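Got your viewer open and a cartoon view ready? Here is a short tour, one selection at a time.

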Amino acid sequence: MELIDPLLTVREGAAVLQMSIPTFWRRVADGTVPKPLKIGGISRWPRSEIVAVIESAKAARTQRAA
């Protein structure tokens, strides 16, 4: 089975955003990064949602420059 939208761990999500794990959790708390999907006792983020955080920041940067 091929995963269309792989689920990332907190470590992987933080690595994609190039931030520390504690900063990643702070961004989850302040709403910058979406809350995780809870599967059993684990937290996972769809990769598309982490990429959307980057795209949102890029769009905000463009709007501020205009």
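Below are the stops, starting with the whole chain and ending with single residues.

**Stop 1: the whole chain.** Bear in mind that this is a predicted model. Show the cartoon and colour by secondary structure: you should find 3 helices and 3 strands. Walking from the N terminus, the elements come in the order β-α-α-β-β-α. Line the view up with the principal axes, and the C-alpha trace spans about 45 × 30 × 15 Å.

Now switch on a surface. The accessible area is about 4800 Å², and carbon and sulfur atoms hold 58% of that. Of the 66 residues, 21% are buried. If you like contact maps, try one here: among contacts with a separation of 6 or more, 43% link residues 24 or more positions apart. Colouring by charge gives you 10 positive and 6 negative side chains, with the centres of the two sets 9 Å apart.

**Stop 2: the sheet.** Select residues 7-8, 37-39 and 42-46, which are strand 1, strand 2 and strand 3. In what order do the 3 strands sit in the sheet? The order is 1-3-2, in an open sheet with antiparallel pairing. That leaves strand 1 and strand 2 as the edge strands, each pairing on one side only.

Zoom in on the pairing of strand 1 with strand 3, which is antiparallel and has 2 bridges. Show Leu8 as sticks and look across to strand 3, where Trp45 stands opposite. Then move to strand 2, which runs antiparallel to strand 3 and is joined to it by 3 bridges. Two pairs to pick out here are Leu37 opposite Arg44 and Ile39 with its bridge partner Ile42.

Between strand 2 and strand 3 the hairpin has 2 residues, so to speak a quick stop of its own. Click on Gly40 in this hairpin and check its backbone: phi is positive, near 65 degrees.

**Stop 3: the core.** Which residues make up the largest nonpolar core? Select Leu8, Ala14, Leu17, Phe24, Val28, Val33, Trp45, Ile50 and Val53, 9 residues in all, and show their side chains as spheres. Helix 2 (21-30) and helix 3 (47-65) each supply at least two of these residues. You have already met two of the members, Leu8 and Trp45, as the pair standing opposite each other in the sheet.

**Stop 4: Ala52 on helix 3.** Select Ala52, which lies in helix 3. Is Ala52 buried or partly exposed? Buried would need a relative accessible area under 20%; Ala52 has 40%, so it counts as partly exposed. Draw a C-alpha to C-alpha distance from Ala52 to Leu17: the two are 11 Å apart in space and 35 residues apart in sequence.

**Stop 5: Gln18 in the loop.** Finally, select Gln18, in the loop between helix 1 (10-16) and helix 2. What is the phi of Gln18? It is positive, about 55 degrees, although Gln18 is not a glycine. With the surface back on, Gln18 counts as exposed because its relative accessibility is 74%, and the cut-off for exposed is over 50%.

Note on methods
Residues are numbered from 1 along each chain as its sequence is written. This is a predicted model: local features need pLDDT of at least 70, side-chain atom pairs count only at pLDDT 80 or more; totals for chains, interfaces and linings use all residues. Side-chain values use heavy atoms; hydrogens and water are left out. Helices (H or I, at least four residues) and strands (E, at least two) are DSSP runs, numbered from the N terminus. Buried means under 20% relative accessible area, exposed over 50%, partly exposed in between (1.4 Å probe, protein chains only). Contact means heavy atoms within 4.5 Å. Accessible areas come from the Shrake-Rupley method with a 1.4 Å probe; for residues, only the protein chains shown count as cover. Lys and Arg count as positive and Asp and Glu as negative; His and the chain ends are not counted. The place of a charge is taken as NZ of Lys, CZ of Arg, CG of Asp or CD of Glu. Two strands pair if DSSP finds at least two bridges between them. A nonpolar core is a set of buried Ala, Val, Leu, Ile, Met, Phe, Trp, Tyr and Cys residues joined through side-chain atoms within 4.5 Å.
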